[in-house]
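I opened this entry to log what I looked up, one topic at a time. Confidence comes before anything else.

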Amino acid sequence: MRLRRSRCLTCYWHQGMFVVHPYPHGTPTSLHPAAAEILSAFEDWTTPDEAAKNLDHLAPETVEEAVSALASAGALLAEDSPTAAQDQDIAHHWAAWSPEASFFHFATQNDYVDSGINTGDTDITPETAAMPPLFTDYPDAARLLLPRGRADLSTAYDKVLYDRRTHRDFTSTPVTLDILATLLSTVFGPVDFIDSGHGAVFRRTSPSGGSRQELDAYLGALNVAGLAPGWYHYNSLQHSLELLSDGLTHDEAAHLCADQEWAGNAAFLVVLAARLERMSVKYSTPRCYRVCLLNAGHLGQTFALTATALRLGPAQTGAFRDADIAERCTLDNTGHTPLYVLAAGHPHPEPHQAPQTATLSTFTETPLHA
Ligand SMILES: Cc1cc2nc3c(=O)[nH]c(=O)nc-3n(C[C@H](O)[C@H](O)[C@H](O)COP(=O)(O)O)c2cc1C
């Protein structure tokens, strides 16, 4: 029987062990690092005997044993097997995003029960782990306590929904502190507190996996009346802005957002940064990183709708300079790391960067059906 190395395979060291991790069907298996050399002999369909000949510096029994372990782990696949066909399909569909995205996606499928790598003994449980603080704060930072009178949010729901658009053209009119304060408290402020069984957690206007609220909001102020340009943390418990680093220019804001000019013309940016420990202390399965990303999407949508209700033009970007943004927000970019950048400003009445409506000729170039 001929075998081939799975195309969907990631090898790494974990807790001092060399791990061969085929996905989505395989089992992460700890092996001697020499397994990597044996795997390399199966670049294409090869019989174990042929492979042993190419690995003649190794004892044939060693190769035979390793091949058997690698086949059981799913790292070597049999020719014409359904698993090999699926492996080929995944490699094809995920080619552009492999190995990083495909590994994360498939290795975390069906992963709602903690598994670990043949050890399973390192999970942190809520009973044994100290709960991290519910709120991030910077007690030594200079701060501005924000106004608490809510700006009008009564725009009809259907109008908010259908008026929401991504804006890339803004006027130079500053956003008032009242409007900014209402937006920040509505999207990021606590609404109420519940008993999690291991202490209190809070809820926001957006859902949050396990109500862990691992996402903190950092403001890059560019054009807000009464607020010096710079980077601030929104302290949602105190409803204040804590100054972290001075100054922010339009050019820098655009640069931080992967050189997208529109971001420099917004009145402010809001960086959503995950404090991973708040999530991982309760959920040690790696799948929960997905939940952090989903939570960021929820907050982004609530931000966009609230900004629209306040007659601001919202925007968002997944393209940004992570490390530079982290530095400006004084995040360590290890356990506290940026995931999403939002922006808003007063929408320009004559936008230049709004997309054109599709016409008859657009549709002639568009396949609508298979
Ligand atoms: C997660 C996410 C990332 C985005 N990233 C960018 C971006 O980097 N640059 C940009 O100009 N627009 C970005 N957008 C905006 C989309 O292009 C926009 O939502 C899409 O064209 C649909 O238009 P609409 O938001 O007006 O409905 C992003 C949107 C989302 C949801």
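I went to the weak stretch of this predicted model first. Over residues 114-124, pLDDT stays under 50. I looked up the contacts that the model gives this stretch beyond four places in sequence, and there are 19.

Next I checked confidence across the protein. The average pLDDT is 94. I noted that 95% of the residues score at least 70. Among the helices and strands, which one has the lowest confidence, and which the highest? Helix α3, residues 60-73, is lowest, with a mean of 94. Strand β12, residues 268-275, is highest, at 99.

Then I turned to domains. The assignment lists domain 1 as 3-107 and domain 2 as 143-345. I looked up how far apart their centres are: 43 Å, taken over C-alpha atoms.

The ligand took up the next page. Which residues surround the ligand? I listed R164, R165, T166 and R168. I added Q260 and W262. The list ends with Q316, T317, G318, A319 and Y340. By class, I have three nonpolar, five polar and three charged residues in this shell.

I followed with the polar contacts. A polar side-chain atom of R165 sits 2.7 Å from an oxygen atom of the ligand. For R168, I found a side-chain N or O atom 2.7 Å from a ligand oxygen. G318 uses its backbone: a polar atom there is 3.4 Å from a nitrogen atom of the ligand. I also looked up how much of the ligand is covered. Alone, the ligand exposes 610 Å², and the protein buries 54% of that.

Last, I went through the backbone geometry. Most peptide bonds are trans, and most residues other than glycine have a negative phi. I therefore wrote down the exceptions to that general pattern.

Where are the cis peptide bonds that I logged? One joins Y23 and P24, with omega about 0 degrees. P24 lies in the loop between β3 (17-22) and β4 (29-31). Another joins S98 and P99, also with omega about 0 degrees. I placed P99 in the loop between α4 (82-93) and α5 (100-107).

For phi, I marked D259. Its phi is near 60 degrees, a positive value in a residue other than glycine. D259 belongs to the loop between α8 (250-256) and α9 (261-265). Q260, one of the residues surrounding the ligand, is on my earlier list.

Conventions. Residues are numbered from 1 along each chain as its sequence is written. This is a predicted model: local features need pLDDT of at least 70, side-chain atom pairs count only at pLDDT 80 or more; totals for chains, interfaces and linings use all residues. Side-chain values use heavy atoms; hydrogens and water are left out. pLDDT is the predictor's confidence in each residue, from 0 to 100. Helices (H or I, at least four residues) and strands (E, at least two) are DSSP runs, numbered from the N terminus. Contact means heavy atoms within 4.5 Å. Domain bounds come from an automatic or database domain assignment. A residue is near a molecule or strand if one of its heavy atoms lies within 4 Å of it. A polar contact is a pair of N or O atoms within 3.5 Å; within protein, one must be able to donate a hydrogen and the other to accept it, and residues adjacent in sequence count only if both atoms are side-chain atoms. Accessible areas come from the Shrake-Rupley method with a 1.4 Å probe; for residues, only the protein chains shown count as cover. Ala, Val, Leu, Ile, Met, Phe, Trp, Tyr, Cys and Pro count as nonpolar, Asp, Glu, Lys and Arg as charged, and the others, Gly among them, as polar.
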